[in-house]
Amino acid sequence: MHAAVLHALGKPPRFGEFPDPTPGEGEVLINVSAAALKPVDKQMAAGTHYASPREFPVVCGMDGVGRLEDGTRVFFGGARRPYGAMAERTVLRRVQCFSIPEELDDVTAAAIPNPGVSAWLSLKHSAKLAAGETVLILGATGVTGKLAVQIAKILGAGRVVAAGRNEQVLSILHALGADSTIRLDKPDEELIAAFRREAGESVST
Ligand SMILES: NC(=O)c1ccc[n+]([C@@H]2O[C@H](COP(=O)([O-])OP(=O)(O)OC[C@H]3O[C@@H](n4cnc5c(N)ncnc54)[C@H](OP(=O)(O)O)[C@@H]3O)[C@@H](O)[C@H]2O)c1
């Protein structure tokens, strides 16, 4: 099969041939249609992640979308090494596969879960966001941040404050549910005043 194959840490992966995977007990074969490319995938390949591979060659990619042999379309995460998501086929345990709503296309379904679950876990389980509360999203202009803005609203946040440096992206966050935005590239005094204002303090300008 064809795959994005990493031959050494810190070197770009190469498109090439890789042996087909054979499922073991409790495992399923996936015919991959879309693979996610995230910061963690780059860290894995660069060798800067604690879980970076130590044996080569290895296929890149951790998660994606594909079809089981019975045709079921699934999101999957955590292929068994040396297999990975960036290949025509991969292999992993059935419990690492999740069904996908029909209306979601393959690419979107591959891209959302990893950053989306991170954002959701942070808000729901770490912050224990309760309906009506105010939420501050730092790094709101990034992939995870933009999802966090939307998820905060879905979880019932009363007010979502989004902070970031990229003015162009900040300007679209209102459409995603942000009630207000704070530009981080301001002088310290202005930034402190902006945060205090959003926290409900009266601040003289
Ligand atoms: N993507 C995933 O699947 C995923 C999954 C789990 C966890 N995470 C974690 O979530 C975090 C964000 O990942 P991402 O994929 O969303 O990355 P991303 O799209 O590159 O977004 C990074 C965000 O961080 C901001 N930022 C970076 N350096 C900054 C600095 N020095 N000062 C202020 N803001 C800064 C960026 O702001 P600008 O727009 O101004 O540059 C941007 O909002 C990372 O810690 C990542 O490990 C991501």
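A residue is taken as buried when its relative accessible area is under 20%, as exposed when that area is over 50%, and as partly exposed in between. By this criterion, strand E10, which spans residues 159–164 of this predicted model, is mostly covered, since five of its six residues are buried. For the chain as a whole, 39% of the 205 residues count as buried.

The chain holds seven helices and 11 strands, and its C-alpha trace spans about 65 × 35 × 25 Å along the principal axes. Its accessible surface comes to about 11600 Å², and 55% of this surface belongs to carbon and sulfur atoms. Among contacts between residues at least 6 apart in sequence, 58% join residues that are at least 24 apart.

Strand E10 has pairing partners in both E9 and E11. Strand E9, residues 134–137, runs parallel to E10 and is joined to it by four bridges; Ile 137 has Ala 162 of E10 as its bridge partner. Helix H4, residues 143–154, completes a right-handed β-α-β unit with E9 and E10. Strand E11, made up of residues 180–183, likewise pairs with E10 in the parallel sense over four bridges, and here Gly 164 is matched with Arg 183 of E11 as its bridge partner.

Side chains of opposite charge can pair when their charged atoms come close. A search of the whole structure finds 10 salt bridges. One of them involves strand E10: Arg 159 forms a salt bridge with Glu 198, and the closest N and O atoms are 2.9 Å apart. Because Glu 198 lies in helix H7 (residues 188–198) whereas Arg 159 belongs to strand E10, this pair ties together parts of the chain that are 39 residues apart in sequence. Both partners count as partly exposed, Glu 198 at 21% relative accessibility and Arg 159 at 30%.

A further salt bridge is formed by the side chains of Asp 106 and Arg 73, with an N to O distance of 2.5 Å. Asp 106 is located in helix H2 (residues 106–111) and Arg 73 in strand E6, so that the pair connects parts separated by 33 residues in sequence. The two partners fall on opposite sides of the 20% limit for burial, since Asp 106 is partly exposed at 24% relative accessibility, whereas Arg 73 is buried at 12%.

Arg 80 and Glu 27 also form a salt bridge, in which the closest N and O atoms are 2.7 Å apart. This pair links distant parts of the chain, with Arg 80 in the loop between strand E6 (73–77) and strand E7 (89–93), Glu 27 in strand E3 (residues 27–35), and the two positions 53 residues apart in sequence. Arg 80 is partly exposed, with a relative accessible area of 31%, while Glu 27 is buried, with a relative accessible area of 17%.

On the surface, Val 117, Trp 120 and Leu 121 form a nonpolar patch with about 250 Å² of accessible area together. Leu 121, which lies in helix H3 (residues 113–126), counts as partly exposed at 39% relative accessibility, and therefore meets the requirement of over 30% relative accessible area that applies to residues of a patch.

Conventions. Residues numbered from 1 in each chain as written. Predicted model: local features only at pLDDT ≥ 70, side-chain atom pairs only at ≥ 80, totals over all residues. Heavy atoms only, no water. Buried < 20%, exposed > 50% of the residue type's maximum accessible area, 1.4 Å probe, protein only. Pairing = 2+ DSSP bridges. Right-handed = clockwise from strand over helix to strand, strands pointing away. Salt bridge = Lys/Arg side-chain N within 4 Å of Asp/Glu carboxyl O. Patch = residues over 30% accessible without salt bridge, like charges linked within 9 Å, V, L, I, M, F, W, Y side chains within 5 Å. Areas by Shrake-Rupley, 256 points an atom, 1.4 Å probe, with all protein chains shown as cover. Contact = heavy atoms within 4.5 Å.
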